[in-house]
Structure formats: C-alpha cells, structure tokens
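Colleague: Please walk me through this model. I will ask, you answer, and we keep it short.

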Amino acid sequence: MHIGVDVGGTNTDAVLLDGTDVLAFVKSPTTDDVGSGVVSAIKTILAQSGTDAARIESVMIGTTQFTNAFVEGKKLVPVAVFRAALPATESVRPMVEFPDHLTRQIGTQSYLVNGGYEFDGRIIAPLDEKAVAAGAKDMKAKGIKSAVLSGVFTPINSAMEDRMAEIILNEAPDTVLTASGEIGRIGLIERENAAIMNASLCDLSHMVVSAFRDALRELNIICPLFVSQNDGTLMTAEFAEKYPVLTFASGPTNSMRGAAFLSGESDAIVADIGGTTTDTGVLIGGFPRESAISVDIGAVRTNFRMPDVLAVGLGGGSHVRDDGNRIGPDSVALDLLTEAMVFGGQTLTTTDIAVAAGYADVGDPSFVKHLDKALVNRAVDRMHAMVEEATDRVKSTQGEVPVILVGGGSVLINRDIRGASQVIRPEKSGVANAIGAALAQVGGEVDKVFSYDKIGREEAMEEARQSAIERAVDAGASADTTKIVSLEEMPLTYLPAGAVRIKVKAIGDLAPAGDAS
C-alpha cells in the first residue's frame, strides 16, 4: 500500500494505491502551512477506502514549495560562496547575474581562493587552505550559516570541495554546506548558481520536510517518506532536505509519469492543465524528456537536471478578458471556489467559460447563463488554440503524436487538437500528479568529463555506471533492482587528451521498508 501526494500551488492531491490499483483519491485546496492540507487529504483517502494507517508501506510527496519560494524571493537565507579558482575567474564574481530581489535576501558574500582543476583533473593551483579558513571565520562573524563550495571543474574531482568542507566545518561547525559538484554539471557559473539556489533554501527545506514528517506522525503512519525529484524519480526525505533544488519542476514530471501509467502510452505529449498554468512536455520511454539547454529559474541561469517543459498561462482559474480574446496569465488560483462566477464570485474565469459552453459541470450554471455567446465561443477557441500552440512547440519530430490531457483543468478542453493522432483523457486524470508520485522509482545520475587517453574508454564507462548506481542506492533504491537506463557519450573535440563527456542515469525500485533509512 502506497500513498502519493502532490502539493501544488492551488490543490493538494492524494491517492492510495495497492500495488498499481488506485483504491481512493482526493483533490483538496492547498493550505498555507502545507502540513494541514496533507493531513486532510490523506485522512480522506484512508477513510474512503477503509484502510488502516498501519498498512501503509511508503508515502511519496511532490511539492512546488521550493520552486515558488525561490522564484518569489521569499523565505531564503543568506549564503556565502567559496570558490576554488584563482588565479582564474576573478573577473566574474559569484551571483553576478542574480536579480536585486534575490540578492537582498541571499546577499553577495563570496570568497575566491587559489585552486581548481583543468578539464582532465590536473590542478590549476593548490588549494589555499589558509584563505578558506579565514573566509570561514569571516562568514561566521557575519552570522551566515549556509555556504556553497564550488570550483573550476570540481565535478571532475571532488577533492578540493571536500577539503574546503572540512576546513569550514572546523571553523564554523553549524554551517550547512552545498557542494556544487553534487548538483550541477560542467560549467562553473551555472553550476554555482544551482548550488546557491539550493543553499538559500536550507531553512525552508527543513521546515517543509518536517511538516511532512509531522503530518505522517499525526496520522500515525510509520513508514519511509520519499520526495519527488524533477526527473520523475524519488529521493529519501533526508536527501530532499539536503538538496531541495532537485524538486524544482517535479510537479509536471509527476503528472507526466502518471499520464504514462493511466494511458498506457510511453511516447507521447502530455498537457497538464492545472489551476494556473498548462505544463506541456514530451514522454520518451515513459519518462519526461530532459532539457538540453541551460534553464533559467527566477531569472537565474542554471545547468542542473531539468525536464523540458513549456508552461503557458492557461488554467482552470485563469482570467478571461478582452471579450474572450485574452486568457491569463494571471489566475484566481486558490480562490477559484470564491472568485469564479459559477461559485458566486465576480471574476470571469476559464472554468466559467467551460460551464457556459455546456461541457463542464461544476458550480451553478445559472450564474453564467447571461454571458454573451460570441464571447464564450471566442474564449473556447482561444483555450484550444493555446493548447495546440504549446503541443506544437514541444514536438521534436514532424507528424501527429498522441496527446494526453491530465490535471484538474483538463475539463477546459473538449475538442480534438490539431497535430494530435489522438487525444487521450484517461480516468482519474485529475490526480495524475499524485499517481505519478506514488508509482515513481528512485534514480541516480552522473555527468562527468573523462580523459580516455588517461584511463581508457572501458574504465571510464564502468566508473560512470557504478557512480550512477551508487547515487541511486544512496537516494533510496534497492541495489538488486537498480540498472542503467541511459548512457550518453559525447567527445569534446575542442579539448585535448581524448576528453569525453559521459552522462549516465540509473533507476531502481524503492528499497523494502526494512532497508530504508
């Protein structure tokens, strides 16, 4: 028995699964404190199914709390950056491109010291340990308790980041550390940015994960707790508390995984229509297609793993303006049940349009019967056009492909979609995100540059495979079921010494409850 929960900006969805059979599900409003909404949703599905809490073997939760906090610049903590790079990189300081509303929260404190590596692991300069210690003392005196460790090509060799961690913790034992080599990929600034994001969320991650734990304790559910990552896999609650940035965009990936399960399609386009946005992405082999380019989050460029998802401002709470010609991007979101006209409110939303057009059955249709038919038709046309444009933009090949509609807002679409070989509206599509969380496996990934001239191709491949498997097991996978699902080999022809970038992903089933931490 597994419970999947997805905490969105508008709704908290929960499902109870016995193996892969959905026994109960619920969609309820998200609460400000997160935890009480989770408790309410889980209580409902346990009551619906008559299931005893003692039978639950694991709980999987997906959340947008960390993404929203960073984008909005709220609940962040000051961060100090220790970069091992001198004499290189001095002209580009850490956080140079962060917008003002973020630096007001995070600050711009950084310590550049001698160190770093060449692409093949050769040392640029020995690590200046005295400078690191001096920086740690200064950081402590300024009251900063979260720090980032980065350096030139440190994903190739973690020794300098590891040594900086030892020195900092010796001077300031209470510091929460984020090593950039464990989060980002090759590319100093983008990797460092991703680590800074992670470090700025350390207090919030502790608060949110604690709220999840408290919610399970209140319900007397004693079992492992897992959190969704943004590649459609899971990590332990402890891992999520340390790396909250890995949850960014996990909501759409949960929906895509759920869509694959509910529809039986492993290669398709998924449009997840929520309360505020429509997130559109591509399924390949049952998993979301990964973005091949750097991704901006809150106007900050990063290079850590992210799904290739296009978000447009169409949701069940989206405002309708200009006689039906303009929809969104703003939404009544959490206030749909009080603001939308079909619920007695004064705001014209897309939900009102769907009810007035006669193909959605929510609220009181008499509240929207006065709407002009031409306005309603224009708005319906615009909603369908927005989904068609989004699906066309995410396509990677010509021709028609299946399109799967999921999410509570999928009731907005009632026609065929141009460019779709078929439009699939699976049962229980409104809680596809929670189903995706409940069924997710555990993954681990390695993205590293090797010198074939130095260690040879076979040894490099084997090292990358083993590292990916170890990361998956560390995140909560069963070692017996973990296997390599993708391997990319990209020669870097502009670098000497047979430099090759190897990217490996391993996925396994959840470890049995007795083996979980």
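Colleague: Which residues have the most contacts inside the largest nonpolar core?

Modeller: A nonpolar core is a set of buried Ala, Val, Leu, Ile, Met, Phe, Trp, Tyr and Cys residues joined through side-chain atoms within 4.5 Å. Buried means under 20% relative accessible area, exposed over 50%, partly exposed in between (1.4 Å probe, protein chains only). The largest such core has 80 residues, and those with the most contacts inside it are Ile3, Phe70, Ile221 and Phe248.

Colleague: What are the ground rules for these values?

Modeller: This is a predicted model: local features need pLDDT of at least 70, side-chain atom pairs count only at pLDDT 80 or more, and totals for chains, interfaces and linings use all residues. Residues are numbered from 1 along each chain as its sequence is written, and side-chain values use heavy atoms, with hydrogens and water left out.

Colleague: Which residues does Ile221 touch?

Modeller: Contact means heavy atoms within 4.5 Å. Residues up to four places away in sequence are not counted. That leaves Ile3, Ile42, Leu46, Ala53, Ile56, Val59 and Leu216.

Colleague: How many residues are in the other core?

Modeller: That core lies apart from the largest one. Val342, Leu371, Val403 and Leu405 are among its members. Its count is 35 residues.

Colleague: At what angle do helix α1 and helix α7 pack?

Modeller: Helices (H or I, at least four residues) and strands (E, at least two) are DSSP runs, numbered from the N terminus. Axes are lines fitted to C-alpha atoms, for helices over the stretch in contact, and angles run from 0 to 180 degrees between N-to-C directions. For α1 (residues 35-49) and α7 (residues 202-218), the axes are 9 Å apart and the angle is about 35 degrees.

Colleague: Which residues of α1 and α7 make the contact?

Modeller: From α7 come Ala211, Phe212, Ala215, Leu216 and Glu218. From α1 come Gly35, Val38, Val39, Ile42 and Lys43.

Colleague: In what order do the strands of the nine-stranded sheet run?

Modeller: Two strands pair if DSSP finds at least two bridges between them. This sheet is open and its pairing is mixed. Its edge strands, β3 (21-29) and β22 (483-491), each pair on one side only. The order is β3-β2-β1-β4-β9-β10-β21-β23-β22.

Colleague: Which residue takes a positive phi in the hairpin of β2 and β3?

Modeller: Eight bridges join β2 to β3, and the two run antiparallel. Val15 stands opposite Phe25 in β3. Two residues lie between the strands of the hairpin, and the one with a positive phi near 70 degrees is Gly19.

Colleague: Which strands does α1 lie across?

Modeller: The direction of α1 runs at about 145 degrees to β3. The strands it lies across are β1 (2-7), β2 (11-18) and β3.

Colleague: How many residues of β21 are buried?

Modeller: Strand β21 (residues 441-451) pairs with β10 (residues 233-236) in the parallel sense over two bridges. With β23 (residues 499-508), β21 runs antiparallel over 10 bridges. β21 is mostly covered, and its buried count is 10 of 11 residues.

Colleague: Is Val473 buried, partly exposed or exposed?

Modeller: Val473 is found in helix α15 (residues 457-474). That helix packs on the nine-stranded sheet, touching β21, β22 and β23. Leaving aside neighbours within four places in sequence, Val473 is in contact with Ala479 and Thr482. With a relative accessible area of 31%, Val473 is partly exposed.

Colleague: Why is one side of β6 and of β8 left without a neighbour in the sheet?

Modeller: These strands belong to an open sheet with parallel pairing, in the order β6-β5-β7-β8. β6 (110-114) and β8 (176-179) stand at the edges, so one side of each is left without a neighbour, each having a single partner strand.

Colleague: Which residue is the bridge partner of Arg83 in β7?

Modeller: Strand β5 (residues 80-86) and strand β7 (residues 146-151) run parallel, joined by five bridges. In β7, the bridge partner of Arg83 is Ser150.

Colleague: Which helix packs on this sheet, touching β5, β7 and β8?

Modeller: Its direction makes about 165 degrees with that of β7. It spans residues 188-200 and is helix α6.
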